[in-house]
2 protein chains.
Amino acid sequence: MAVGPAHHPDLAPVAGVRLGAAAAGLHQPDRLDLAALLLEPGARTAALFTRNSLQAAPVHLAREHLEQANPRLLLINSGVANAATGGPGLEAARAACRAAAEVAGVTASEAVPFSTGVIGEPLPLAELEAGLPACLDGPRGDPQSWWRAAEAIRTTDTRPKAASRTVGLDGERVAVTGIAKGSGMIHPDMATLLAFVSTDAAVAEEPLRALLRAATEQSFHRISVDGETSTNDAVTLSATGKAGAAPIETVTDPRFRELAAAVEGVLQDLARAVVTDGEGATRLLTIRVQGAADGQEADRVAEGIARSPLVKTAAFAGDPNWGRILSAAGAALTGDVAWERVDLYLGEALAVRGGAVDPDYTEAAGSEAMAADEVPITLELGRGIAASWMWTCDLSHEYVTINAEYRS
Amino acid sequence: MAVGPAHHPDLAPVAGVRLGAAAAGLHQPDRLDLAALLLEPGARTAALFTRNSLQAAPVHLAREHLEQANPRLLLINSGVANAATGGPGLEAARAACRAAAEVAGVTASEAVPFSTGVIGEPLPLAELEAGLPACLDGPRGDPQSWWRAAEAIRTTDTRPKAASRTVGLDGERVAVTGIAKGSGMIHPDMATLLAFVSTDAAVAEEPLRALLRAATEQSFHRISVDGETSTNDAVTLSATGKAGAAPIETVTDPRFRELAAAVEGVLQDLARAVVTDGEGATRLLTIRVQGAADGQEADRVAEGIARSPLVKTAAFAGDPNWGRILSAAGAALTGDVAWERVDLYLGEALAVRGGAVDPDYTEAAGSEAMAADEVPITLELGRGIAASWMWTCDLSHEYVTINAEYRS
């Protein structure tokens, strides 16, 4: 299941980026499960990783390699997370990078590994190595190659996910294109999510990191499927500098904002694709919290509503059960709350005014709002001016089915 | 669904306590939904309420009345929570107390209201008042009356819940008996849970509060069904002093400990009954965390595992998916973690030793452990000496069904 029709947006090729994919039989036969993203010399890559304390072997090794060299090869496998695999897991990740680097003609530390899949199982190194020649033979930069790589990094995703923007910098057309995977274990701090975004703009190290941080804050940190964070999450942003525009050296460069908007757009498209393809999702909820005392409070309330199983099961049923939304907000708030200042909208329908049901509200209006594929829920707290938002999906039978049967 | 067979323990009558129940048609016809617990003059009552900022009208009024008088009448209705009902909701709770007090022959402030059920709907005051005579006509103290009251306070509970202990103080036999309701919206800080416990011991105000706080900490604060907390939760402990033993005036009285053990036993029995009757529960998980750096860390990790939808869906499937348990622990831990010191047991089976799968572990052994009705999960962190524990249940299709259909 997923919310609404699949989107298959046009993707702009990124000069200096080529991709390959192969079916290496890592977890299931005859399924793309290995992808490579090749960067021409001179490209720079920024990366953010999971904040879960249990970090997978590839996360440890990716950090190590990113400190040693500018990446030339992002090597991604699905099927097996190579997490909680101890010393042997780290050795396997290292061996995979060495083998891939040799085939691709780069150094081992220029190869950066990413894995996603079942935790605790060993990486099937022989299969992975056997799949490398097919994966790295004739990588291309056309849209179809991006889609094939997006296909290869899927786990429980029902759809491949890719997004793209173009922007003019100094009269040069610059592309920002990325792919992502993620369906379960989705919560702020990124969760079981991998995203690889590239641009052919030229960007120095510090502004590149700032671009990634800011765009992630407004995208992958705003989505929750099940409140889980995982061991393998990573988001990367690579800048190849092949588009011809002069380098962006500082965050005060006026072109930084233009590029930032494009990067944020791509990451938001990918984040939205993740949550609408959330495990078992049938409905997208946009939780907006306004009038909070401060930003932390706004975030806390939005997150409290977004992760509430009772709000999410009601959403599955299309039930305008606004009491559960208020209760989830109440659990996230602390201290005295003047509920007589609190309003709640389901879609356009004002359900709660001043802390109790609005006299003009009808259950029919609420049901109509909740029946849509996409439901905006807006909570006005009347405590201040801070605001926040999150995307979440409903909690359906399919979520239980997927996660009760994932390994079998 | 519920875990294992229903328990129907023997209940010891509590001198000075009588109960009544009636079917008032508050939400469904022909179903007990109104209960009263009558206390003889001289009884003292301590109470703890939800920490959710959105507190129901009866919670506000109960606090007010508890400050004004020693309760003589606990009036409990199911079906409607009378939460998020604003000023009219508070007036309705007040009117219900006045009416009940008049029938029972006590003052209005000696009547303390409790409600549980759907949030946001108005309390059906006329029906409630019409049900009062039947509820308060001929209250009795026999075990059957306790069970009828336990029946009347149910919402999505599939079983009535009651528990009892007796203890000798100064050669006098003292009883501790209580009833509870709770099935969904269950998480520390009490959640959608009502529990009413009474003893015929004589206990002064301060030690009575200490008894309730300590026992709640080791019972209702250790259970999670769905990570939700609610608007109406309350736990009360009443001491009638009718058993004949001399009053316990201080927490240093050696008899305090004996009575505390009995009260904790009753609250733990009730808490266990709540989680084994958790919405859709088919399996009880006891999460033990040992070797944590400090108590807060131990609590955080136990709670992180207990509320993880991925751990809970795997438990539903009987899947020994230990990677999800480690990942949930990792999400709750902060800073550097020496995973090579971490061990994990599923039942008696050592699944993870030193952060990776134990060479002697077999999937068959894990599956056998997870197939039981009750599964102890023990995580040794190797960071210090602090420990914690929680009870939780699995996440099943039935949970989604119950909560997607609760109002319809």
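These exercises walk through a predicted model, one step at a time.

## Exercise 1: How the two chains are related

Your task: work out what kind of axis relates chain A and chain B.

Step 1. Start with the superposition. A turn of 180° with a shift of 0.0 Å along the axis lays chain A on chain B, and the RMSD is 0.0 Å.

Step 2. Read off the symmetry. The two copies are therefore related as by a two-fold rotation axis.

Step 3. Find the axis in the structure. Within chain A, the residue that comes closest to the rotation axis is A:His397, whose C-alpha is at 2.8 Å.

Step 4. Compare the contact residues. Both copies use the same surface, since 100% of the contact residues of chain A recur in chain B.

## Exercise 2: The side of chain A that touches chain B

Your task: find out which helix of chain A gives the most to the side that touches chain B.

Step 1. Begin with the totals: 50 residues from chain A and 50 residues from chain B take part in the contact.

Step 2. List the elements that supply at least two residues each on the chain A side. They are helix H8 (309–317), helix H9 (322–332), strand E14 (356–357) and helix H11 (397–405).

Step 3. Pick out the main contributor. H9(A) gives the most, with eight residues.

Step 4. Sort this side of chain A by class. You get 23 nonpolar, 21 polar and six charged residues.

## Exercise 3: A sheet of seven strands

Your task: say in what order the seven strands of the open sheet in chain A are arranged, and follow some of the pairings.

Step 1. Write down the order. In chain A the strands run E9-E16-E11-E15-E12-E13-E14, and their pairing is mixed.

Step 2. Mark the edges. Strand E9 (223–224) and E14 of chain A each pair on one side only, as edge strands.

Step 3. Look at the pairing of strand E11 (residues 284–292) with strand E16 (residues 386–393) in chain A. These strands run antiparallel and are joined by seven bridges. Across from A:Ile287, you will find A:Met390 in E16(A).

Step 4. Move to E11(A) and E15(A). Here the pairing is parallel, again with seven bridges. A:Val289 has A:Leu379 of E15(A) as its bridge partner.

Step 5. Go on to strand E12 (residues 343–346) of chain A. Four bridges connect E12 to E15(A), and the two run antiparallel. One residue pair to look up is A:Leu346 with its bridge partner A:Ile377 in E15(A).

Step 6. Add a helix. Helix H7 (residues 295–306) of chain A lies across E9, E11, strand E15 (374–380) and E16 of chain A, at about 20° to E16(A).

## Exercise 4: A sheet of five strands

Your task: name the edge strands of the five-strand sheet in chain A.

Step 1. Set out the order. This open sheet of chain A reads E3-E10-E8-E7-E6, with mixed pairing.

Step 2. Find the strands that pair on one side only. These edge strands are strand E3 (44–49) and strand E6 (161–169) of chain A.

Step 3. Consider the angle between neighbours. On average, neighbouring strands of this sheet are turned by 10° against each other, direction ignored.

Step 4. Take one pairing. Six bridges link strand E8 (residues 194–199) and strand E10 (residues 234–239) of chain A in the parallel sense. A:Leu194 stands opposite A:Ala234 in E10(A).

Step 5. Place the helix. H5(A) lies across E3 and E10 of chain A, at about 35° to E3(A).

## Exercise 5: Two helix pairs

Your task: describe how H5(A) crosses H6(A), then do likewise for H7(B) and H9(B).

Step 1. Recall what is needed. Two packed helices are described by the angle and the distance between their axes.

Step 2. Apply this to helix H5 (residues 205–217) and helix H6 (residues 254–276) of chain A. Their axes come within 9 Å and cross at roughly 45°, so H5(A) and H6(A) are oblique to each other. The crossing is right-handed.

Step 3. Look at the residues. Among those in the contact are A:Leu211 and A:Ala215 of H5(A), and A:Leu259 and A:Val263 of H6(A). By class, this contact of H5(A) with H6(A) has nine nonpolar, one polar and one charged residues.

Step 4. Turn to helix H7 (residues 295–306) and helix H9 (residues 322–332) of chain B. Their axes come within 8 Å and cross at roughly 135°, so H7(B) and H9(B) are also oblique to each other. Their crossing is right-handed.

Step 5. Finish with the contact itself. B:Arg300, B:Val301, B:Gly304 and B:Ile305 in H7(B) meet residues of H9(B) including B:Ile325 and B:Ala328. The contact of H7(B) with H9(B) divides into seven nonpolar, one polar and one charged.

Methods:
Residues numbered from 1 in each chain as written. Chains lettered and ligands numbered in written order. Predicted model: local features only at pLDDT ≥ 70, side-chain atom pairs only at ≥ 80, totals over all residues. Least-squares fit on C-alpha atoms with pLDDT ≥ 70 in both. Contact = placed C-beta atoms within 7 Å. Nonpolar A, V, L, I, M, F, W, Y, C, P; charged D, E, K, R; others polar. Pairing = 2+ DSSP bridges. Axes fitted to C-alpha atoms, helices over the stretch in contact; angles between N-to-C directions. Parallel < 35°, antiparallel > 145°, perpendicular 65-115°, else oblique. Left-handed = near helix turned anticlockwise from the far one by under 90°.
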